[in-house]
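Student: Please take a close look at the strand pairing in this model. Start with the term you need, then work outwards to whatever the strands help to build.

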Amino acid sequence: MDVKSAFLYGKIEEEVYVCQPPGFENPKYPDRVYKLKKALYGLHQAPRAWYDTLSTYLLENGFQRGIIDKTLFIQRKKKDILIVQIYMDDIIFGSTKDQICRDFEDLMHKRFKMSSIGELTFFLGLQVKQKKDGIFISQSKYVQNILNKFGFSDSKPASTPMETHK
């Protein structure tokens, strides 16, 4: 899922003032500034303010924050589990049941404007292929870009030597 205008959901605690942006100047008061109530993209405090808003919402709705990774949230329902990973304004999630994923999408749409991108295929430079026998992660697109960048795209490929049974 992708959160639309995510940083606008974050409330900032500090007093922050900005000059009047082009096209929004007040001709009567050209020297006045605006006091921000919400975070804006590009503002140093914006990612933290957004994360605080989102994490509070998740915790209020029965999630537990990861102990090591504070951007990982887990919700257990009997024998089932929902895992949610936050990266800025992108959210990836998965569960042992499809209905739990649909319920999570509904929960998020109640509070935030979001778009569902669909099944995860690419995230943070990793290609993700989901098959019946498992989830496979690779960086083949990244490797191909590096080969092209340094002029090795026409090189002869060779397999990595390793024991096949390991």
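Tutor: Two strands count as paired when DSSP finds at least two bridges between them. Keep in mind that the model is predicted.

Take β6 and β7 to begin with. β6 covers residues 80–87 and β7 covers 90–95. The two strands are antiparallel, with 6 bridges between them. Two opposite pairs fix the register. Ile83 faces Gly94 in β7. Val84 is set opposite Phe93, again in β7. In a regular strand, side chains alternate between the two faces of the sheet. The connection is a hairpin with 2 residues between the strands. Met88 in this hairpin has a positive phi near 55 degrees.

Now the pairing of β6 with β5. β5 spans residues 72–77 and runs antiparallel to β6, again through 6 bridges. Leu72 sits across from Gln85 in β6. These strands form a hairpin too, with 2 residues between them. Lys78 lies in that turn, in the loop between β5 and β6. The phi of Lys78 is positive, about 55 degrees, although Lys78 is not a glycine. Most residues other than glycine have a negative phi. Which exposure class does Lys78 fall in, buried or exposed? Lys78 has a relative accessible area of 87%. The cut-off for exposed is over 50%, so Lys78 is exposed.

Residues from β5 and its surroundings also meet the stretch before it. Gly62 occupies the loop between α1 (46–60) and β4 (64–65). Gly62 and Gln75 are 13 residues apart in sequence, yet their C-alpha atoms lie 6.4 Å apart. Beyond its neighbours up to four places away in sequence, Gly62 touches Ile74 and Gln75. The relative accessible area of Gly62 is 46%, so Gly62 is partly exposed.

Ser55 gives a second link from this region. Ser55 belongs to helix α1. With 4% relative accessibility, Ser55 is buried. Outside four places in sequence, Ser55 contacts Arg65 and Phe73. The side chain of Ser55 also comes within 3.3 Å of the backbone oxygen of Asp52.

Turn next to the later strands. An open sheet of 3 strands runs in the order β9-β10-β11, with antiparallel pairing. Why do β9 and β11 count as edges? Each has a single partner strand, so one side of each is left without a neighbour in the sheet. β10 is bound to β11 by 5 antiparallel bridges. Strands of a sheet pair through backbone hydrogen bonds.

Gln127 is a good place to inspect this pairing. Gln127 lies in β10, which covers residues 126–131. Gln127 stands opposite Ser138 in β11. At 18% relative accessibility Gln127 is buried, because the cut-off is under 20%. The side chain of Gln127 makes polar approaches. One is a polar contact of 2.8 Å with the side chain of Ser140. Another puts a polar side-chain atom of Gln127 2.6 Å from the backbone nitrogen of Lys141. Away from its sequence neighbours within four places, Gln127 contacts residues including Phe136, Ile137, Ser138 and Gln139. Thr121 and Phe122 are also among the contacts of Gln127.

What do these strands help to build? They contribute to the lining of the largest pocket, with β6, β7, β9 (122–123), β10 and β11 (134–138) each supplying at least two residues. Helix α2 (98–111) also meets that mark. β7 gives the largest share, 6 residues. The space in the largest pocket is about 950 Å³. Its lining comprises 31 residues, of which Ile92, Phe93, Glu119, Leu120 and Gln130 are closest to the centre. Sorted by type, the lining holds 16 nonpolar, 9 polar and 6 charged residues.

That brings us back to the opening strands. Phe93 appears in both views. It stands opposite Val84 across the β6 and β7 pairing, and it is one of the residues closest to the centre of the largest pocket.

Key. Residues numbered from 1 in each chain as written. Predicted model: local features only at pLDDT ≥ 70, side-chain atom pairs only at ≥ 80, totals over all residues. Heavy atoms only, no water. Helix = DSSP H or I, 4+ residues; strand = E, 2+ residues; numbered from the N terminus. Buried < 20%, exposed > 50% of the residue type's maximum accessible area, 1.4 Å probe, protein only. Polar contact = N/O pair within 3.5 Å; in protein donor to acceptor, adjacent residues only side chain to side chain. Contact = heavy atoms within 4.5 Å. 1 Å grid on protein atoms, 1.4 Å probe; cavity = no way out; pocket = protein on both sides within 12 Å on 5 of 7 lines; lining within 4 Å. Points joined across faces, edges and corners; volume = space filled by probe spheres on them. Nonpolar A, V, L, I, M, F, W, Y, C, P; charged D, E, K, R; others polar.
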